[in-house]
Amino acid sequence: MAIAISLRDIVKVYPNGVVANKKVNLDIEEKTIHAIVGENGAGKSTLMKIIFGVEMPQEGEIYVKGKKVTFKTPMEAIKSGIGMVHQHLMLAEDLTVVENLTLGIEPRKFKIFLDKKEMNNLAKKYIEKYKIEVPLEKKIKELPIGLKQRVEILKALLRNADILILDEPTAVLTPQETEVLFKSIKELKEQGKTIIFISHKLKEVKEIADKVTIMRDGKVIATDDASNLSEHDIARLMVGREVSFERIEESRHIGNVALKVENLSYFNREKIQVLKNINFEVREGEIVGIAGVEGNGQTELVEILTGLREASSGAVYVLGQNIVNKSVREIREMGVSHIPEDRMKNGVADKAKVKENLISDRYYKNNFSKMGILNYEYIDGASNELVKRFNILAPSIEAPVNALSGGNIQKVVVARELSSNPKVIIASQPVRGIDVGSEELVHNFIKDARDSGCAVLLVSADLDEILKLSTRILIIYNGEIVKSFDKVEGLTGVDLGPYMLGLKRGE
């Protein structure tokens with residue numbers, strides 16, 4: 001089969017001395033779906049940025065369809081038929097879908113005025129051609145993440161991409177949105193497109209990829225047909241050791257109620273009831289999982305519990321004290337930590353340093369500062385200890401957090417939240433976008449917190465995660481708890497699915 005992209009001895013060293021790619025050799029065959037997997041910081045995204053002209057290598061050669069190329073900008077890569085959908089989507093939120101699709105290539109009347117009719121016609125032509133439906137007149141900020149993802153893919157196709165790089169395209173998608181995306185990807189392959197698929201989700205890699213390349217520490221470890229590799233094989237090659245996919249052992253001791261939610265309701269600005277008389281308890285030493293298709297009230301529930309949103313009615317008790325409508329700091333001071341579902345929006349200050357993000361919840365406390373003056377020696381020591389303990393790959397604690405890979409940014413959030421001596425942990429999508437080795441690490445830290453007496457509320461769209469960690473499982477649908485599973489052992493996604501989709505409800 002013909003080769004779409006060939007990389008020869010690619011070396012990339014960043015100015016801070018980090019060697020991201022070490023003599024990488026890779027062939028991507030035309031009209032295939034080729035997955036590239038590896039731990040956070042393994043060099044996957046850097047390699048894709050080199051192919052797309054965002055970064056330039058110090059050494060090595062790139063061939064596109066047999067022709068040697070040197071891309072200094074993404075525009076040069078686009079002209080060679082390469083498109084890229086980045087992990088953090090590059091869309092103008094206040095513009096409409098059609099405006100985003102045609103941005104920079106807008107048809108014009110008399111070479112001056114925007115031809116909006118032709119913009120719509122152009123977009124509709126590609127929607128029909130590739131069967132990727134998007135609402136053209138809606139603004140990007142009004143769309144769910146799954147539709148935004150499709151806009152990005154269509155945007156690349158509209159610029160005549162034959163080779164499409166998808167960097168963690170399912171990291172924030174629901175299972176249903178992922179299913180729709182995979183259908184689109186398979187149809188693109190049938191129409192002759194070459195897809196490079198970057199992912200941490202090994203089950204998805206096995207489902208969609210023809211070939212798999214595993215990277216570790218900046219190098220290619222192996223490339224093989226997906227059919228020849230099991231999930232365990234891929235995980236072992238990624239991490240360099242065996243990785244457990246088994247359910248964690250049961251809690252040895254369950255104590256008193258630490259978190260209690262009573263008749264909690266919430267109406268949004270449009271007066272729509274998003275949460276409907278929510279009631280549940282989480283005890284010390286247990287993990288209560290909340291499973292559901294995203295958009296059924298989970299976000300609003302978590303934000304009320306953590307002080308980011310006001311409840312309409314009801315009560316939330318932490319160790320007997322009602323925290324409803326208290327400030328974020330007041331709730332934190334009561335012993336509640338929060339791993340948010342969107343790390344870039346609510347988890348970090350992306351331009352601030354790693355160490356500043358690690359201490360952002362405690363900078364005002366003893367040892368970290370005195371009389372308003374920060375103790376940098378103590379801060380540096382504490383930050384370096386957290387970087388080591390949570391295996392955060394960063395050039396240094398002085399680096400801006402946005403210089404880290406997405407998974408390592410997530411580990412910064414997890415490190416801060418789990419090191420705050422919490423009594424209650426609200427963990428929303430805690431391993432979203434991180435590799436299997438780091439996922440195992442985070443799960444073990446959550447388990448350790450549980451075993452030390454923490455009450456953990458786990459909110460996740462990943463049923464494997466819910467089933468692996470939870471002591472009990474609650475199903476949320478349309479803002480209601482519709483089913484409680486007090487016994488988790490032996491349950492599967494098949495058991496949970498009908499309740500998540502609203503096809504069944506409990507007593």
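Begin by selecting Ile-5, which stands opposite Val-64 in strand E4. The model on display is a predicted one. Widen the selection to strand E1, residues 3-13, and strand E4, residues 59-64: the two pair in the antiparallel sense over five bridges.

**The hairpin of E1 and E2**

Keep E1 on display and add strand E2, residues 19-29. E1 and E2 also pair in the antiparallel sense, here over seven bridges. For one point along this pairing, select Leu-7, whose bridge partner in E2 is Leu-26. Then move to the turn, where five residues lie between the strands of the hairpin. Among them is Gly-17, which takes a positive phi near 95 degrees.

**The largest nonpolar core**

Next, select Leu-101, Ile-153, Ile-185, Phe-197, Val-212 and Ile-234. These residues have the most contacts inside the largest nonpolar core, which has 48 residues. Helix H5, residues 145-158, supplies the largest share of this core, with seven residues.

Centre the view on Phe-197 and show its surroundings. Leaving aside neighbours within four places in sequence, Phe-197 is in contact with Ile-33, His-34, Ala-35 and Ile-36, and also with Leu-166, Pro-169, Phe-182 and Ile-185. Its remaining contacts are Glu-204, Val-205 and Ile-208.

A second, separate core has 45 residues. To find this second core, select Val-387, Val-431, Ile-475 and Phe-485, which are included in it.

**The six-stranded sheet**

Now display the open sheet whose strands follow the order E18-E21-E22-E15-E23-E24, with mixed pairing. Its edge strands are E18, residues 336-339, and E24, residues 480-485, each of which pairs on one side only. Looking across the sheet, neighbouring strands are turned by 20 degrees against each other on average, direction ignored.

Within the sheet, select E21, residues 424-428, together with E22, residues 455-460. These two strands run parallel and are joined by five bridges. Val-424 marks one position in this pairing, standing opposite Ala-455 in E22.

**Helix H14 on the sheet**

Which strands does H14 touch as it packs on the sheet? The helix touches E18 and E21, and its direction makes about 170 degrees with that of E18. Select H14 itself, residues 406-418, to finish the tour. From its first C-alpha to its last, this helix of 13 residues reaches 18 Å, close to the 18 Å expected at 1.5 Å a residue. Colouring by accessibility shows a mostly covered helix, with 13 of its 13 residues buried.

Notes. Residues numbered from 1 in each chain as written. Predicted model: local features only at pLDDT ≥ 70, side-chain atom pairs only at ≥ 80, totals over all residues. Heavy atoms only, no water. Pairing = 2+ DSSP bridges. Helix = DSSP H or I, 4+ residues; strand = E, 2+ residues; numbered from the N terminus. Expected span 1.5 Å × (residues − 1). Buried < 20%, exposed > 50% of the residue type's maximum accessible area, 1.4 Å probe, protein only. Core = buried A, V, L, I, M, F, W, Y, C linked by side-chain atoms within 4.5 Å. Contact = heavy atoms within 4.5 Å. Axes fitted to C-alpha atoms, helices over the stretch in contact; angles between N-to-C directions.
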